[in-house]
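User: I would like to go through this structure with you, one topic at a time. Could we begin as soon as it is on the screen?

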Amino acid sequence: MDAVCIVMTAINNEAAAEALAQQLVEARLAACVQVMPVKSFYVWQGESHREAEYLLLVKTRAALYTQVEKFILANHPYEVPEILQVPVTAGAAGYLQWLQAGTLDGDGKPLPL
């Protein structure tokens, strides 16, 4: 079984978050994307910010990270979006098998669901 990961990104509005999540799943770059409202506190260009955002947790194969990153960069409105890969070191076998079946294989082809 291939390694899996969670890719995190945040975006400024719910409609954009849902659209990006749907696009990632339809492209089979993710088996599942969870979208949740969060409050982000950060410094950008020397100014302190407190913003409502939507956090996306993208469940995918680690081998697809580069494609997921490129896809997010091409479809994200931020100049420098958060894109973080978090390795998954363990998980329920059935869920991990489902995740792998829901994403592209090593040859870039969808596996049968």
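User: What does His76 touch, leaving out residues up to four places away in sequence?
Analyst: Not counting those neighbours, His76 touches Thr9, Ala10, Ile11, Leu20 and Pro81. Contact here means heavy atoms within 4.5 Å. Please note that this is a predicted model, in which local features need pLDDT of at least 70 and side-chain atom pairs count only at pLDDT 80 or more, while totals for chains, interfaces and linings use all residues. Residues are numbered from 1 along each chain as its sequence is written, and side-chain values use heavy atoms, with hydrogens and water left out.

User: Where is His76 in the chain?
Analyst: His76 lies in the loop between helix 2 and strand 4 (84-87). Helices (H or I, at least four residues) and strands (E, at least two) are DSSP runs, numbered from the N terminus.

User: Is His76 buried or exposed?
Analyst: His76 has a relative accessible area of 9%, so it counts as buried. Buried means under 20% relative accessible area, exposed means over 50%, and partly exposed lies in between (1.4 Å probe, protein chains only).

User: Which backbone atoms does its side chain reach?
Analyst: The side chain of His76 reaches the backbone oxygen of Ala10 at 2.8 Å. The side chain of His76 also reaches the backbone nitrogen of Tyr78, at 3.1 Å. A polar contact is a pair of N or O atoms within 3.5 Å; within protein, one must be able to donate a hydrogen and the other to accept it, and residues adjacent in sequence count only if both atoms are side-chain atoms.

User: Ala10 has come up twice. Where is Ala10, and what does Ala10 touch?
Analyst: Ala10 belongs to strand 1 and is buried, with a relative accessible area of 4%. Leaving out residues up to four places away in sequence, Ala10 touches Glu53, Tyr54, Leu55, His76, Tyr78 and Glu82. The C-alpha atoms of Ala10 and Glu82 are separated by 6.2 Å, although the two residues are 72 residues apart along the chain.

User: On to the largest nonpolar core. Which residues touch the most other members?
Analyst: This core has 19 residues, and those touching the most other members are Val7, Ile11, Leu24, Val33, Leu56, Val58 and Val68. Strand 1 (4-11), helix 1 (14-26), strand 3 (47-61) and helix 2 (65-75) each supply at least two residues of this core. The largest share, four residues, comes from helix 1. A nonpolar core is a set of buried Ala, Val, Leu, Ile, Met, Phe, Trp, Tyr and Cys residues joined through side-chain atoms within 4.5 Å.

User: What does Leu56 touch?
Analyst: Residues up to four places away in sequence are again not counted. On that basis, Leu56 touches Val7, Met8, Thr9, Ile11, Ala17, Leu20, Ala21, Val33, Gln34 and Val35.

User: And which residues of helix 3 are buried?
Analyst: In helix 3 (residues 93-101), the buried residues are Leu96, Leu99, Gln100 and Ala101. Their cover includes strand 1 and strand 3.

User: New topic: how many salt bridges are there?
Analyst: The count comes to one salt bridge, where the rule is a side-chain nitrogen of Lys or Arg within 4 Å of a carboxyl oxygen of Asp or Glu. Asp2 forms this salt bridge with Arg61, and the closest N and O atoms are 2.4 Å apart. The pair links distant parts of the chain, 59 residues apart, with Asp2 in the segment before strand 1 and Arg61 in strand 3.

User: Are those two buried or exposed?
Analyst: Asp2 counts as partly exposed because its relative accessibility is 41%. Arg61 is buried, because its relative accessible area is 4%.

User: Last topic, backbone angles. What is unusual about phi in Arg28 and Gln45?
Analyst: Most residues other than glycine have a negative phi. Arg28 has a positive phi of about 60 degrees although it is not a glycine. The phi of Gln45, also a residue other than glycine, is positive and near 50 degrees.

User: Where do they sit?
Analyst: Arg28 is in the loop between helix 1 and strand 2, and at 17% relative accessibility Arg28 counts as buried. Gln45 is in the loop between strand 2 and strand 3, and Gln45 is exposed, with a relative accessible area of 61%.
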